[in-house]
Amino acid sequence: MPSTTLDAAAQAMRLIDYRTGVELVPTRNGFGEGLIEAGTRDRNVLAICADLAESTRMEGFKKAHPAQYLEIGVAEQMLVALAGGLAAVGKIPWIASYAMFNPGRSWEQVRTIMALNDTNVKIAGAHAGVSVGPDGATHQAIEDIAIMRVIPHMTVVVPCDAVQTKAATLALSKRVGPAYLRFAREKSAIVTTDATPFEIGKAQVFREGSDVAIVACGILVYNALMAADLLAREHGIECRVVNNHTVKPMDEAAIVDAAQTCGAVVTVEEHQKHAGMGSRVAEILAQRHPVPIEFIGVEDRFGQSGEPTELIEYYGMGTRAIADAALRAHQRKTK
Amino acid sequence: MQTLSPERLTELRVKANDVRAGIIRSLVAAGSGHSAGPLDMADVFTALYGHLMAHRPDQPDWPDRDRLLLSCGHIAPVRYSAMANFGYFPVEELLTLRKFGTRLQGHPERVTLPSVETTSGPLGEGLAQGTGMALGAKLDGKAFHVWVVTSDAEHQCGLHWEAVMTAAKFGLDNLTAIVDRNFIQIDGSTEDVMPLEPLAEKYRAFNWDVFTCDGNDIAAFIATAEQARATRGKPQVIIANTVPGKGVSYMEGDYTWHGKPPNREQADRALAELHAERERILAHA
């Protein structure tokens, strides 16, 4: 008997044996931990906050590195512009707010001051997705991947759990150039470990299979893994699950390889289906290896108040919805 | 503080005249661009590059240079012409303004011309970035000064006032904002489009030190700027009253010259006027 339920791909990724139970931790906690460590490694790393220190998890940094912490109040455009100025004189500013307000409110500053002007500013977009929950639609950013991935020179990372969010925070702190890190509010399953490799721009195969490829990002990677198990159990369909954490620059080779191997793809993200991660996958495959694709995400609607899991289910991003999409993709490929 | 000798003042006035001629030449070559604002800020830019700023034209990335940000990027021709006339690049390059492949983009870009410090054009963003640079200097104990040139109309942007508040919070006395107070914007008078007055009182209420002067009088501007720069504990603003289109008779005070260039014939008249003025300055020296 093997001591793990994981396949070789998952073992290579040094994942938690997630089938036997997972710990639930908000991805934002990983950002907070990573930021403190980044600030220790490099004293030029600054944290700039717009009146949301606790909920964006900048509070720990404020205590650990008070001289590297700046508070500017409810002024998200200022957040970007101030950081641009600081970066221009050698600082590495992380700026945090809810994704809805930064980059939501500050998009033109992000485009001009961070990207066109090429400054080394890092945005932490907290409370992304409908899983923000009770706060409702005004605070649920589900358009942010679209507006960020369209900007030239921008790096866009959507890590799958708290551990990977920490790794991404550290990696982005070292990478020179404008970047966007997207994470969520609610507790979610940890599937990676400190030993899991993480490289910006390199997608990860978390489960091997050759019937359908499920390409996911963010906290829904766990749902994708659950859906893959369900399909194996109920239909004997084996899915490759790809953690596509870097939306830009996307790992085109991994996407094409998944399509070539499986012949059908499902994309999974907590975002509008329009212009998100899955749309980018479709752009790549339309040109390089067309296969049937199904999209999991929000269907051109706004969110609303509710409990996080309730909203994930309602908007069609639960485990069963992913499995059903994979079945549709599988049927389309075998027709 | 360096004393400004009469000879040096004459040199600077001639230089400002050269800067204006460069603006006209570049605009007529480009066939598009803004005339009134660049012309009215020629004296301020000459004072900055010629007297006030610590900078090295042969070493644009000198780490200790004063930072000069042009927030209202649409008046870039004055900055380009000043840079050329103070040795950053050959004046002939001014004729590439707005043309394909040029470093002199329609609105300035740091990536193509690094010494412009930032990419500007979208209004209301320069002071905010200058605040970041001044704050960075404070954090690292660096002595350079940050100058931000803004238009008056961009005071209608919310972000500008976020910056005014932030600079005051951090007591950034190494930051001086200069307002090109020419009272014009694309759609007419600033006071008709969206009144800015009382502008000085607004800055005072935000805890800034406020100075006002004639922005077309180089000696007055330099004296004011030196006084402003000596302020401790607070950022400073100089409201520089300027005449839009200054130096070209048929443009002076006419808001319709905000966003268009002269044609060839108009440019020739402008250059003739500027040449005559140059002769007058030298004759009276």
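How many helices and strands are there in chain A? Chain A has 12 helices and 14 strands. Keep in mind for every view below that this is a predicted model.

**View 1. Chain A as a whole.** Here we look at the full chain before zooming in. Its C-alpha atoms fit in a box of roughly 60 × 40 × 40 Å along the principal axes. For 335 residues, a compact globule would come out with a radius of gyration near 20 Å, and chain A agrees with that at 19 Å. Of those 335 residues, 61% are buried. If you take the contacts in chain A with a separation of 6 or more, 79% of them link residues 24 or more positions apart.

**View 2. G39(A) and its surroundings.** G39(A) belongs to helix α2 of chain A, which covers residues 27-41. Is G39(A) buried or exposed? The cut-off for buried is 20 or more other C-beta atoms within 10 Å, and G39(A) has 23 such neighbours, so it counts as buried. Leaving aside residues up to four places away in sequence, G39(A) touches V45(A), A47(A), F61(A), A64(A), H65(A) and Q68(A). Y69(A) is also worth picking out: it sits 30 residues from G39(A) in sequence, with 9.7 Å between the two C-alpha atoms.

**View 3. S3(A), at the start of chain A.** S3(A) lies in the segment before α1 (8-12) of chain A. Exposed means 12 or fewer C-beta neighbours; S3(A) has 6 inside 10 Å and therefore counts as exposed. Look for D17(A) in this view too, since the C-alpha atoms of S3(A) and D17(A) are separated by 9.7 Å. Along the chain, these two residues are 14 apart.

**View 4. Where chain A meets chain B.** Each chain puts 21 residues into this contact, 21 from chain A and 21 from chain B. On the chain A side, α4 (76-88) and α5 (107-116) each supply at least two residues. Which helix gives the largest share of that side? That would be α4(A), with 9 residues. Sorted by class, the chain A side of the contact is made up of 11 nonpolar, 7 polar and 3 charged residues.

**View 5. Chain B as a whole.** Now for the partner, whose secondary structure comes to 10 helices and 7 strands. The C-alpha atoms of chain B take up a box of roughly 50 × 40 × 40 Å along the principal axes. With 285 residues, chain B would be expected near 19 Å in radius of gyration if it were a compact globule, and its 18 Å agrees. Buried residues account for 52% of chain B. Among its contacts with a separation of 6 or more, 77% are between residues 24 or more positions apart.

**View 6. The α1–α3 helix pair in chain B.** Helix α1 (residues 6-30) and helix α3 (residues 42-52) of chain B pack with their axes 9 Å apart, at an angle of about 125°. That makes α1(B) and α3(B) oblique to each other, and the crossing is right-handed. From α1(B), the contact uses L12(B), K15(B), A16(B), V19(B), R20(B) and I23(B). Facing them from α3(B) are A42(B), D43(B), F45(B), T46(B), A47(B), G50(B) and H51(B). By class, this helix–helix contact has 7 nonpolar, 3 polar and 3 charged residues.

Note on methods: Residues are numbered from 1 along each chain as its sequence is written. Chains are lettered from A and ligands numbered from 1 in the order in which they are written. This is a predicted model: local features need pLDDT of at least 70, side-chain atom pairs count only at pLDDT 80 or more; totals for chains, interfaces and linings use all residues. Two residues are in contact if their C-beta atoms, placed from the backbone, lie within 7 Å. Helices (H or I, at least four residues) and strands (E, at least two) are DSSP runs, numbered from the N terminus. Ala, Val, Leu, Ile, Met, Phe, Trp, Tyr, Cys and Pro count as nonpolar, Asp, Glu, Lys and Arg as charged, and the others, Gly among them, as polar. The radius of gyration is taken over C-alpha atoms; the globule rule is 2.2 Å times the number of residues to the power 0.38. Axes are lines fitted to C-alpha atoms, for helices over the stretch in contact, and angles run from 0 to 180 degrees between N-to-C directions. Angles under 35 degrees count as roughly parallel, over 145 as roughly antiparallel, 65 to 115 as roughly perpendicular and the rest as oblique. A crossing is left-handed if the near helix is turned anticlockwise from the far one by less than a right angle, and right-handed if clockwise.
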